[in-house]
Amino acid sequence: MLQTPRGTQDILPEDQKYWQKIEKTFEKVASSTGFEKIETPYFEYRKIFEKGIGTTVKTFFQEIGLKNLAFEVNSLGCPSCRSKMRKVIVNYYQQYLNVICASCKNRFEKNPMRLLDCKEAVCQEVISGAPALIDSLCTNCKEHFKSTLEFLDEMQVPYDFNPRLVRGLDYYTKTIFEVVPQDKTSSLGGGGRYDNLIESFGGQPIGAIGVSFGIERIILEIKKQEIEIPETPKLELFLVQLGDLATKKSLSLLFKLYNQGFRVSVALEKTGLKSQLKVADRLKVPYSLILGQREARDNTIIVRNMLDGSQDTIDLKKLMDYLKKRLFPPTS
Ligand SMILES: [Zn+2]
Ligand SMILES: [Zn+2]
């Protein structure tokens, strides 16, 4: 959709904090507004919700700290409204076929609705004179759109009605929206209803609404607006393992620590105590966990304060509590 799917491109270390801030804020806002999250197994990053998207989207951008964003809304109506819109657009564009850009000529043939999406200056002018899409809405769809806008008013979600807003994908019906920065050069995210999507996959006819965000674009906007995002905390722990049994055990311990929100590093290729502690020093972790042969056998572990070199031997079962209570709370 809007963003490069994660995994196709490395996230630069200096951008890590932005990704984390955005993802965490999204989860927080979504769960605090009572939505069930479904992370679809699709390649693209997408979250689907049931309702109240306007408030959620507004809260999300507020929490991130972004200002001066417009929440643009429009309606694409039902399939019969849509075919009417297509005809109106094709009709309107006849007189501009010599003016519009090359990709718009292609859109004219294949997907005329998307003509309204072109960012080329020459096409922008044509778009600004295009007929408003809601003029093609049937009575039902017009009613629906009206009540949607009234609902937004009631929820105090400010919006801009954009009569020429379209979405890139065909499955949208009725209400669509987009979040755009002041200069309107890009879209930070958007979505809408897709009442027929589930049915088209063979499911029940059931209303649905979805939103997708372009994380890279949001990051660009955060940088542009010079919003401070705190650095993600540095590594907290280093796990030293000595001997075969300890190495074996250290893997499950690592995952346990990760799951509890601790940031842990390990140097599995190194075998000696000294060489591993050297790495821990270099990483400037405040504490190292040392799993030696005896500790691995006894189900204990040594917690070493890297600043003063003091050590405590802890029952492995009590390690999480010990770390949480005595040292520091997880940072997640
Ligand atoms: Zn309709
Ligand atoms: Zn164009």
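Reader: What makes you say that helix α9 lies across β7, β8 and β9?

Author: Contacts decide it: two residues are in contact if their C-beta atoms, placed from the backbone, lie within 7 Å. By that test α9 (residues 244–259) lies across those three strands, and it runs at about 160 degrees to β7. The axes behind such angles are lines fitted to C-alpha atoms, for helices over the stretch in contact, and the scale goes from 0 to 180 degrees between N-to-C directions. Helix α10 (residues 273–283) packs on the sheet too, touching β7, β8 and β9, with its direction at about 170 degrees to that of β7. Keep in mind that this is a predicted model, where local features need pLDDT of at least 70 and side-chain atom pairs count only at pLDDT 80 or more, while totals for chains, interfaces and linings use all residues. As for labels, residues are numbered from 1 along each chain as its sequence is written, and chains are lettered from A and ligands numbered from 1 in the order in which they are written.

Reader: What counts as a helix or a strand here, and how many are in the chain?

Author: They're DSSP runs numbered from the N terminus: H or I over at least four residues for a helix, E over at least two for a strand. The chain has 12 helices and 11 strands.

Reader: How do you know that β7 and β9 pair?

Author: Pairing takes at least two bridges found by DSSP between two strands. Between β7 (residues 237–241) and β9 (residues 287–291) there are five, and the two strands run parallel. So five against a cut-off of two makes them a pair. Leu-239 stands opposite Leu-289 in β9.

Reader: What makes β8 and β11 edge strands?

Author: Each of them pairs on one side only. They belong to an open sheet of five strands, in the order β8-β7-β9-β10-β11, with mixed pairing. Neighbouring strands in it are turned by 25 degrees against each other on average, direction ignored.

Reader: Why is Gln-241 called buried?

Author: The cut-offs first: a residue is buried if 20 or more other C-beta atoms lie within 10 Å of its own, exposed if 12 or fewer, and partly exposed in between, with C-beta atoms placed from the backbone. Gln-241 has 28 of them within 10 Å, so it's buried. You'll find Gln-241 in strand β7. Leaving aside neighbours within four places in sequence, its contacts are Ala-246, Thr-247, Ser-250 and Leu-291. Gly-292 is 51 residues away from Gln-241 in sequence, but 5.9 Å away in space, C-alpha to C-alpha.

Reader: And why are Asn-68 and Glu-226 called exposed?

Author: Asn-68 has 9 C-beta neighbours inside 10 Å, so it counts as exposed. Glu-226 has 6, which puts it in the exposed class as well. Asn-68 sits in the loop between α2 (53–64) and β2 (69–75), and Glu-226 in the loop between α8 (215–224) and β7.

Reader: What makes their phi values worth a remark?

Author: Most residues other than glycine have a negative phi. For Asn-68 phi is near 55 degrees, a positive value, and for Glu-226 it is also near 55 degrees.

Reader: How do you know which face of α5 is buried?

Author: Cys-123, Val-126 and Ile-127 are the buried residues in α5. Seen down the helix axis, they fall within an arc of 100 degrees, so they line one face; the arc is that of the directions from the axis to the C-beta atoms. On the other side, Ala-121, Gln-124, Glu-125 and Ser-128 are exposed. Part of the cover over the buried residues is α4 (102–110).

Reader: What makes a nonpolar core, and which residues have the most contacts inside the largest?

Author: It's a set of buried Ala, Val, Leu, Ile, Met, Phe, Trp, Tyr and Cys residues joined through C-beta atoms within 7 Å. The largest has 23 residues, and Leu-76, Leu-115, Cys-123 and Ile-176 have the most contacts inside it. Two or more residues come from each of α3 (79–93), α5 (121–128), α6 (139–154) and β4 (173–181), with α3 giving the most, four. Apart from this core lies another, of 18 residues, including Tyr-18 and Phe-61.

Reader: Why is β6 called mostly covered?

Author: Four of the five residues of β6 (residues 209–213) are buried. Its partner β5 (residues 189–193) pairs with β6 in the antiparallel sense over five bridges, with Gly-191 opposite Val-211.
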